[in-house]
Amino acid sequence: MVRAFLLLALGGPGPGPAPCRVLLARAFAPPGTPPGTPPGSPPRQRLRRKEQLLAVARQVASHCHLHQASSGRPPAPPLPEDPPSLHNAPGGLFRLAPGDPFPQGTSVAWLAAPSLAFALVCDPPENLALAEGTLRHLAPRLLAALRPPGTGVLLRPDAADLLLDRLLPHGQLLFLSERFLQAVDRELSR
């Protein structure tokens with residue numbers, strides 16, 4: 001099961017932890033949560049979840065900056081006019097130890113785009129190759145849906161919610177066929 005999806009704006013590399021800003025976060029219900037549980041939770045739990053996701057976002061930003069520095073390429077320009085092809089975009093996996101920041105260990109699949117990063121936080125038994133593939137299908141569609149040509153990043157929560165609901169229903173990874181992806185693309189273009 002996927003615990004969370006994150007879209008973050010990468011800040012410039014700094015002497016301390018890489019600064020970043022979470023643009024979009026979706027936490028999925030943990031395993032064992034009854035289906036009818038209301039989405040609202042006590043403020044303390046919401047704050048804890050927010051802190052956990054921010055901790056993951058900082059680690060993803062650090063991995064993106066380390067990858068950029070080790071590649072020897074100049075820093076990526078701000079988000080270009082046209083959504084970039086993410087077929088060869090840098091990405092990877094890393095594990096989070098139990099308690100850092102979740103009670104049990106998790107894995108994170110990440111993908112970097114110019115000035116942005118995408119991440120899926122997965123439970124240990126999850127298929128990480130499938131998580132990476134899902135991220136590569138989700139990221140370009142999210143970029144295209146969130147930002148009309150000629151503007152900066154513009155969050156359209158309805159488009160993001162539709163994509164996440166279709167490609168990650170209730171945090172479950174799906175094997176995505178081209179036919180299914182084309183149907184999602186048609187639904188988004190309406």
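Colleague: Why is the pair Arg 166 and Glu 187 called a salt bridge?

Modeller: The term asks for a side-chain nitrogen of Lys or Arg within 4 Å of a carboxyl oxygen of Asp or Glu. The closest N and O atoms of Arg 166 and Glu 187 are 2.7 Å apart, so the pair meets that cut-off. Arg 166 lies in helix α3 and Glu 187 in helix α4, so the salt bridge ties together parts that are 21 residues apart in sequence.

Colleague: And what is all of this computed on?

Modeller: This is a predicted model, in which local features need pLDDT of at least 70 and side-chain atom pairs count only at pLDDT 80 or more, while totals for chains, interfaces and linings use all residues. Residues are numbered from 1 along each chain as its sequence is written, and side-chain values use heavy atoms, with hydrogens and water left out.

Colleague: Is Arg 166 buried, partly exposed or exposed, and how do you know?

Modeller: Buried means under 20% relative accessible area, exposed over 50%, and partly exposed in between (1.4 Å probe, protein chains only). Arg 166 has 32%, so it is partly exposed. Glu 187 has 27%, so it is partly exposed too.

Colleague: Which residues are joined into one network by salt bridges that share partners?

Modeller: Those are Arg 26, Asp 161 and Asp 165. Within it, the side chains of Arg 26 and Asp 161 meet at 3.0 Å, N to O. That pair links distant parts of the chain, with Arg 26 in strand β2 and Asp 161 in helix α3 (residues 157–167), 135 residues apart. Arg 26 counts as buried because its relative accessibility is 18%, whereas Asp 161, at 33%, counts as partly exposed.

Colleague: What makes Asp 185 and Arg 141 a salt bridge?

Modeller: Their side chains meet at 2.8 Å, N to O. Asp 185 lies in helix α4 (residues 178–189) and Arg 141 in helix α2 (residues 128–146), so parts 44 residues apart in sequence are tied together. Arg 141 is buried because its relative accessible area is 15%.

Colleague: How do you know that the span of α1 is close to the one expected?

Modeller: Helices (H or I, at least four residues) and strands (E, at least two) are DSSP runs, numbered from the N terminus. The expected span is 1.5 Å times one less than the number of residues. With 29 residues (43–71), α1 reaches 42 Å from its first C-alpha to its last, close to the expected 42 Å. Gly 72 follows α1, with a positive phi near 80°.
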